[in-house]
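Here is a short briefing to read alongside the model. Please have the sequence and the 3D view open as you go through the points.

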Amino acid sequence: AEQGVARAQYNLGLIYDNGWGVPQDYKEAVKWYRLAAEQGVATAQLNLGAMYYNGQGVLADFVLAHMWFNISAALGDEMGDEKRELIAKEMTSEDLSKAEAMARACFNSNYEKCGY
């Protein structure tokens, strides 16, 4: 994971997220999910979105959650599509537009510009 292997980073995120063999640490999970997400791992993007949705390891932020769910869905993750649609019902149209613009910027910048 420390050598930049995306799948290893995702797996380490899962380990910390679930507390498998280590103390559960959501901040550490977010760190590893983000590294994998920024390399295009759709399941890491989905889980990172969930962390923002639930406020685990980060402040709850529906705009960032939607952004990551949207990117995950764009890469073919069906759960990302489902989560994106669910969270959209809880968002204002302004926040929804912001999240969609951020997803486009993130995706089009090859994950260089992901967030505010």
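Tyr-111 is a good place to start: in this predicted model, Tyr-111 is buried, with a relative accessible area of 10%. That value counts as buried because the cut-off is under 20% relative accessible area. From Tyr-111 we can move to its aromatic partner, then to helix 4, the nonpolar core and the disulfide.

**Aromatic pairs**

- Three aromatic pairs are found in the structure.
- One of them is stacked, because the ring centres of Tyr-53 and Phe-62 lie 5.0 Å apart with their planes at 15 degrees, and planes under 30 degrees apart count as stacked.
- Both partners of that pair are partly exposed: Tyr-53 has a relative accessible area of 30%, and Phe-62 has 27%.
- Tyr-111 pairs with Phe-107 in an edge-to-face arrangement, with 6.3 Å from centre to centre and 85 degrees between the planes.
- Whereas Tyr-111 is buried, Phe-107 is partly exposed at 38% relative accessibility.

**Helix 4 and its surroundings**

- Helix 4 covers residues 62-74, and its 13 residues reach 18 Å from the first C-alpha to the last, close to the 18 Å expected at 1.5 Å a residue.
- How much of helix 4 is covered? Eleven of its 13 residues are buried, among them Val-63, His-66, Trp-68, Asn-70 and Ser-72.
- The buried residues of this helix pack against four helices: helix 2 (26-37), helix 3 (42-54), helix 5 (78-88) and helix 6 (93-108).
- At the N-terminal end, Asp-61 acts as a cap, with a side-chain oxygen 3.0 Å from the backbone nitrogen of Val-63.
- Just after the helix, Gly-76 has a positive phi of about 100 degrees.

**The largest nonpolar core**

- This core has 29 residues, and those touching the most other members are Tyr-10, Tyr-33, Leu-48, Tyr-52, Met-67, Trp-68 and Ile-71.
- Helix 1 (6-18), helix 2, helix 3, helix 4 and helix 6 are the elements that each give two or more residues to the core.
- Which of these elements gives the most? Helix 4 does, with seven residues.
- As general background, nonpolar side chains tend to be buried together in soluble globular proteins.

**Gln-45, a buried residue of helix 3**

- Gln-45 sits in helix 3 and is buried, with a relative accessible area of 0%.
- Beyond its neighbours within four places in sequence, Gln-45 is in contact with Ala-37, Gly-40, Trp-68, Ile-71, Ser-72, Leu-75 and Tyr-111.
- Two of these partners, Trp-68 and Ile-71, also appear among the core residues that touch the most other members, and Trp-68, Ile-71 and Ser-72 are buried residues of helix 4.

**Met-67 and the disulfide**

- Met-67, another buried residue of helix 4, touches Ala-99, Met-102, Ala-103, Cys-106, Cys-114 and Gly-115, leaving out residues up to four places away in sequence.
- How many disulfides does a search of the whole structure find? The search finds one.
- The disulfide joins Cys-106 and Cys-114, with their sulfur atoms 1.9 Å apart, and both of these cysteines are in contact with Met-67.
- The link is right-handed, with 70 degrees about the S-S bond.
- Is Cys-106 buried or exposed? Cys-106 is buried, with a relative accessible area of 0%.

Note on methods:
Residues are numbered from 1 along each chain as its sequence is written. This is a predicted model: local features need pLDDT of at least 70, side-chain atom pairs count only at pLDDT 80 or more; totals for chains, interfaces and linings use all residues. Side-chain values use heavy atoms; hydrogens and water are left out. The expected span of a helix is 1.5 Å times one less than its number of residues. Buried means under 20% relative accessible area, exposed over 50%, partly exposed in between (1.4 Å probe, protein chains only). Contact means heavy atoms within 4.5 Å. A polar contact is a pair of N or O atoms within 3.5 Å; within protein, one must be able to donate a hydrogen and the other to accept it, and residues adjacent in sequence count only if both atoms are side-chain atoms. Rings of Phe, Tyr and Trp (its six-membered ring) pair if their centres lie within 6.5 Å; planes under 30 degrees apart count as stacked, over 60 as edge-to-face and the rest as tilted. A nonpolar core is a set of buried Ala, Val, Leu, Ile, Met, Phe, Trp, Tyr and Cys residues joined through side-chain atoms within 4.5 Å. A disulfide is a pair of cysteine sulfur atoms within 2.5 Å.
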